[in-house]
Amino acid sequence: MTVVNGENSADGNGITPYSAKMLLDGADVITTGNHCFRRREMNDMFEENRSIIRPANFGDTVGRGWTVFDMGKTRAAVVNLIGMAYMESCDNPFHCIDRLLHEIDAPVIIVDFHAEATSEKKAMGFYLAGRVSAVIGTHTHVQTADEQILGGHTGYITDVGFTGVRDSVLGIDKDAIIARLTTYYPQKHIYPDGEIMINAVLIRIDDKSGKCAGIERVNICE
């Protein structure tokens, strides 16, 4: 099963029907984050395609915050949450996941926690230890080196990283970002060419108990 955060798959940011279809050529589930509604043309896909989800704690809006992927011999749920610190207004993600865990009927549960603050991500990992199969942090674009299994059950990493041009600042041309930070003038975001880096995690999960048996960081460069 392949889960991809498609939050910045569009040219610019957010996700479009074109980039979503491109990702679904290989991904089974697409999660998103704070830019999920930046492109209004995605609203129909959020409503109609159960493989594309948005943060569950965005409240009563288009789309859904979790989905269940039928793998034949087992079922795997994927939940999308967004953090509260330095992000848009949202419902409390801790209270939200408590409610969802009463609804979800699947032995395997994977949570994409799209959050800015590392402390909030760590807290969510410990909060869900033993209750879900994995808590995978996204949003900050830099892969962390703290992959572990919490409570002997729940795979965790603070941030899985990003896929894009390695010689950049979070996927943006480095000179444009340096110019903005040194001159204080706005700069057009330019998307550079160059060596591509792929960040990911490989997670092994027992399909009956939902227990994580291993989590491994992936960092591939051209």
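**Helix capping, nonpolar cores and a surface patch in a predicted model**

The N-terminal end of helix α5 (residues 174-183) is capped by aspartate 173, a side-chain oxygen of which lies 3.2 Å from the backbone nitrogen of aspartate 175. Tyrosine 184 follows α5 and has a positive phi, near 70°. Helices (H or I, at least four residues) and strands (E, at least two) are DSSP runs, numbered from the N terminus. The model is predicted, with local features requiring pLDDT of at least 70 and side-chain atom pairs counted only at pLDDT 80 or more, whereas totals for chains, interfaces and linings use all residues. Residues are numbered from 1 along each chain as its sequence is written, and side-chain values use heavy atoms, without hydrogens and water.

The largest nonpolar core (buried Ala, Val, Leu, Ile, Met, Phe, Trp, Tyr and Cys residues joined through side-chain atoms within 4.5 Å; buried means under 20% relative accessible area, 1.4 Å probe, protein chains only) contains 21 residues, of which Leu81, Ile97 and Val111 touch the most other members. At least two residues of this core come from each of β4 (75-82), α3 (93-103) and β5 (108-114); α3 provides the largest share, five residues. Beyond residues up to four places away in sequence, isoleucine 97 touches Val79, Leu81, Val111, Met124, Tyr127 and Leu128, contact being heavy atoms within 4.5 Å. A second, separate core has ten residues, among them Ala20, Leu23, Met42 and Ile52.

Valine 3 is located in strand β1 (residues 3-5) and is classed as partly exposed because its relative accessibility is 33%, the class spanning 20% to 50%.

Terms used. A polar contact is a pair of N or O atoms within 3.5 Å; within protein, one must be able to donate a hydrogen and the other to accept it, and residues adjacent in sequence count only if both atoms are side-chain atoms.
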